[in-house]
Amino acid sequence: SVLGGVVRGGAQASGAGAARPVRTGSSPRLSLDVAVMSKGCKPMPGARGDLGGDAQLCAWDAVDLSGCVKGDDAGGPAQAGRGLGSEGPQAGGSSAAPSTARGAPRIMQRLYRVRLDRREGQGLGLAVHQDRDQTLLIMRVCGGLVGDWNEKHPDAAVRSWDRIVAVNGVQGSAEAVQRECERAEALDMTIRRARVLVDLQPHSGERELASEVVSDGAFRAIAEELAAVRATAGRSEADEAAGIAGNSEGAEGSCPCVGPGIPQCYQGEELIHKLVADGSVALVRGSWLTELARNQGVLPRRQDLPAKALWTPEGLTSQVEIAAVSYCWWTPEHPDPGGAQLQILGRAAECYAKSTRRDIAVFIDWCSLYQPPRLPQEQASFMESLCHVDLWYGHRQTWKWMLTASALGLSLEGAAPRGPSGYGRRGWPAFEWAASQLAGVPERVLDLGRWRPGGGEVWADVMAACALSSREPPTSPDAFAKLLEEKAFTHSVDRALLDAAYRRLFEDLVASAEVLDFSCLGWGDEELQRLALALPLCGGLRRLYLSWNRVGDAGAEAVAAVLPRCNRLCNLGIAGNPISDSGKHSLREAWRRAGKHYEQLDLW
C-alpha cells in the first residue's frame with residue numbers, strides 16, 4: 001500500500017509552517033526509520049528521507065496523516081479519518097473498525113487526564129521545558145502533587161518525556177499552559193504520550209517505525225523510533241480493559257509490561273540511596289570515568305577509589321540517573337587490565353553529559369563493591385550488596401550499559417588470556433542480561449558493543465546505535481537455572497547465588513504481576529512458545545496482552561495449551577496477529593473450555 005500525506009515544514013525548513021505536499025507513490029512504504037533529532041544533531045544512522053527534488057524530509061517536519069488510519073486514545077483499534085493534529089481527548093466512537101489487513105499503517109496516540117488540587121500549598125513536583133510544539137515537555141517528576149498522584153494512580157502515572165497539552169482548557173501556547181499551571185489551584189491536565197507509526201507489513205526482518213520528533217530542549221532524545229513503539233503502544237489494551245488511561249513505556253516511571261503488585265524497590269530510589277548511604281555500594285561519577293579514560297588509566301578497585309570518583313549520598317538526588325554496567329572480566333585479577341572497556345564507558349559517559357548537561361552515577365562491580373582481600377567490615381558490606389545484586393539490572397529506571405564487545409569493536413571472545421570470555425558464555429553477564437529483560441524497558445538497555453568509533457558523539461546517536469528495539473520473553477526460573485549450567489564462572493558458588501537472585505526477581509517482576517503487556521514487540525511464534533513456559537508460574541496474572549505482533553497459529557496454540565493453568569487470567573488480547581481463522585477458532589475454544597468469559601478474549 002502507498003502511504004500518502006502532507007509534510008509540514010518545521011522551524012528549520014524554509015517557509016516554516018507551510019504545508020509541503022510529498023509524493024510517495026514511487027515507494028511502497030514511506031520510510032521514517034528515524035524521526036528523533038536533537039538540535040544541531042546530524043541525522044541518525046539509517047535515516048531515509050530521499051523523496052527527491054524539494055520534497056525532502058527534514059528535522060522538525062510533521063507528517064499529516066489525516067486521511068490515513070489513526071489509533072484511538074486507548075491505543076487500540078483505529079478509526080479512519082481522524083486527523084493527526086487533534087490534541088484533545090476523544091470520546092469513544094462507535095464507527096466500524098477499519099480493515100486490519102497486514103501492511104496497513106496505524107498511528108497510535110496516547111492522551112490521558114490528571115486532576116490535581118494544590119490548595120494546600122504543595123508544589124506540583126515537575127521540571128518542564130517549553131517545547132516548540134507549544135506543549136510542556138516533562139523533563140523530570142520530582143515528587144510533589146504529581147508524585148502523590150503517581151503513587152495513587154500507578155496505571156496513569158505521569159513520567160518524564162510526557163507532554164502537557166492543555167491545563168484547564170488552556171492550550172496552544174506553552175507559555176500560557178505553564179502560567180496556568182502556576183496560577184490555578186485546581187488543575188485539569190491533558191497529557192500526551194508520544195505518537196508512533198507502526199507498519200505491520202513484514203519485510204526482511206525489519207520493522208518500519210517512527211517516533212514523534214523531539215525538539216531542542218529534549219536534549220537526551222532517547223526515544224528513537226524503535227523505542228517509541230514501547231513508549232506509545234505499551235498498555236493500550238490493558239488501559240481499555242481497566243477503563244482508565246494507563247501507562248506506556250518511556251524513559252522512566254512505571255513499566256508497561258508489568259502491572260500492579262511490583263515491589264517499590266524496582267521503581268523507586270529509596271533502596272538505592274540506602275545502599276550507597278550505608279556504604280554497601282559505591283557509585284562512581286561518569287565524569288571521573290571520562291577523565292580516567294582520557295588519561296589512559298585503569299579502573300581501581302573499590303578500596304582504592306579516590307574521593308573525587310565517588311557520588312556522595314548528598315549528591316544522590318532524584319535528579320541523578322544511574323547506569324549499571326554489564327561486562328566480562330578479562331582476568332580473575334582485574335576485569336579490564338588494559339583499559340579497553342574503560343574507554344567505552346568514558347566515551348559513553350561523556351556523550352551523556354554533553355547531551356543532558358549533567359553527570360551520571362555508574363555502578364560497575366569492580367569499583368562499586370569491595371574486592372578481595374577484604375577487611376571484616378568490608379566483607380560485611382560486600383555480603384549486604386550481594387543480597388541486592390538483582391536491583392541494578394532489574395530496576396526500571398536505571399540504564400543498563402552492556403559491554404558486549406571491546407572498545408575497538410572486536411568480540412571479547414578469546415580476548416582474555418584465561419578461559420572462555422565471550423559475553424554470551426559467562427554466567428554473570430547472562431544474569432545481568434536476563435534481569436534487564438525482566439525489567440521490561442528495552443530502550444534503557446544499551447548494547448554498547450554496537451557502538452563503533454566514529455559512530456556519533458551525541459547521546460541521540462548512542463541511542464540510535466545501541467538501544468534495544470524490543471525485549472525477550474521472560475525466561476522461567478527453571479529454564480534459566482539450566483542456562484546457568486552452561487555458563488562459565490570463576491567461582492562456582494556464584495551459580496547458586498544467581499539462580500536464587502533470578503528466581504526472586506522473576507517472582508517480583510513477572511509472577512506477581514496482574515497485567516503483562518507484550519504488545520507491539522515484533523514477537524513471533526518462537527517468542528510465544530517461550531512465554532507459554534512462564535505463564536503458568538504467573539499466579540497473579542489477570543490480563544495478558546499480545547496484540548500487534550507477528551504471532552501465527554503455532555504461537556496461539558502454545559498459549560491455548562496453558563490457559564487451563566492460568567487460573568486468574570480473565571482477559572487476553574491477541575489482536576492484530578496473522579493467526580488463521582482455524583487458529584482463532586481453536587484459541588476461542590480453548591478459552592471457553594478453560595471457563596473464561598468469551599467477551600474477554602480479543603481476537604479482532
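## Backbone oddities

A residue counts as exposed when its relative accessible area is over 50%, and as buried when that value is under 20%. Keep those cut-offs in mind while looking at this predicted model. Q296 comes out at 60% relative accessible area, so Q296 is exposed. You'll find Q296 in the loop that runs between helix 6 (286-294) and strand 14 (322-326). Its backbone is worth a look too: phi of Q296 is near 60 degrees, which is a positive value in a residue other than glycine.

C520 also has a positive phi without being glycine, this time near 55 degrees. Here the loop is the one between strand 18 (515-517) and helix 15 (525-534). Is C520 buried or exposed? With a relative accessibility of 3%, C520 is buried, because that value falls under the 20% cut-off.

One more backbone feature to check is at P372 and P373, which are joined by a cis peptide bond with omega at about -5 degrees. P373 belongs to the loop between helix 8 (365-368) and helix 9 (376-386).

## The five-stranded sheet

Now for the sheet. It's an open one, built from 5 strands in the order 13-15-14-16-17, with mixed pairing. Strand 13 (284-285) and strand 17 (445-447) are the edge strands, each pairing on one side only.

Further in, strand 14 and strand 15 (residues 361-363) run parallel and are joined by 3 bridges. If you want a pair to click on, try A324, whose bridge partner in strand 15 is F363. Helix 12 (residues 459-466) packs on this sheet, where it touches strand 16 (399-402) and strand 17. The direction of helix 12 makes about 80 degrees with that of strand 17.

## Helix 16 against helix 17

How do helix 16 and helix 17 lie relative to each other? Helix 16 (residues 553-562) packs against helix 17 (residues 581-593) at an angle of about 5 degrees, and their axes are 9 Å apart. Angles under 35 degrees count as roughly parallel, so helix 16 and helix 17 are roughly parallel to each other.

On the helix 16 side, the contact is made by D553, A556 and A560. Helix 17 brings S582, G583, L587 and A590. Sorted by class, this contact has 4 nonpolar, 2 polar and 1 charged residues.

## Two acidic residues in helices

D499 sits in helix 14 (residues 493-511). Its relative accessible area is 21%, so D499 is partly exposed. The side chain of D499 makes a polar contact with the side chain of R503, at 2.9 Å. Leaving aside residues up to four places away in sequence, D499 touches A481 and L484. For another point of reference, D499 and E485 are 14 residues apart in sequence, with 9.9 Å from C-alpha to C-alpha.

The other acidic residue is E180, in helix 2 (residues 174-183). How is E180 classed, buried or exposed? Its relative accessible area is 10%, so E180 is buried. What does E180 touch once residues up to four places away in sequence are left out? The contacts of E180 are then V167, N168, V170 and L187.

How values were computed: Residues numbered from 1 in each chain as written. Predicted model: local features only at pLDDT ≥ 70, side-chain atom pairs only at ≥ 80, totals over all residues. Heavy atoms only, no water. Helix = DSSP H or I, 4+ residues; strand = E, 2+ residues; numbered from the N terminus. Buried < 20%, exposed > 50% of the residue type's maximum accessible area, 1.4 Å probe, protein only. Contact = heavy atoms within 4.5 Å. Polar contact = N/O pair within 3.5 Å; in protein donor to acceptor, adjacent residues only side chain to side chain. Axes fitted to C-alpha atoms, helices over the stretch in contact; angles between N-to-C directions. Parallel < 35°, antiparallel > 145°, perpendicular 65-115°, else oblique. Nonpolar A, V, L, I, M, F, W, Y, C, P; charged D, E, K, R; others polar. Pairing = 2+ DSSP bridges.
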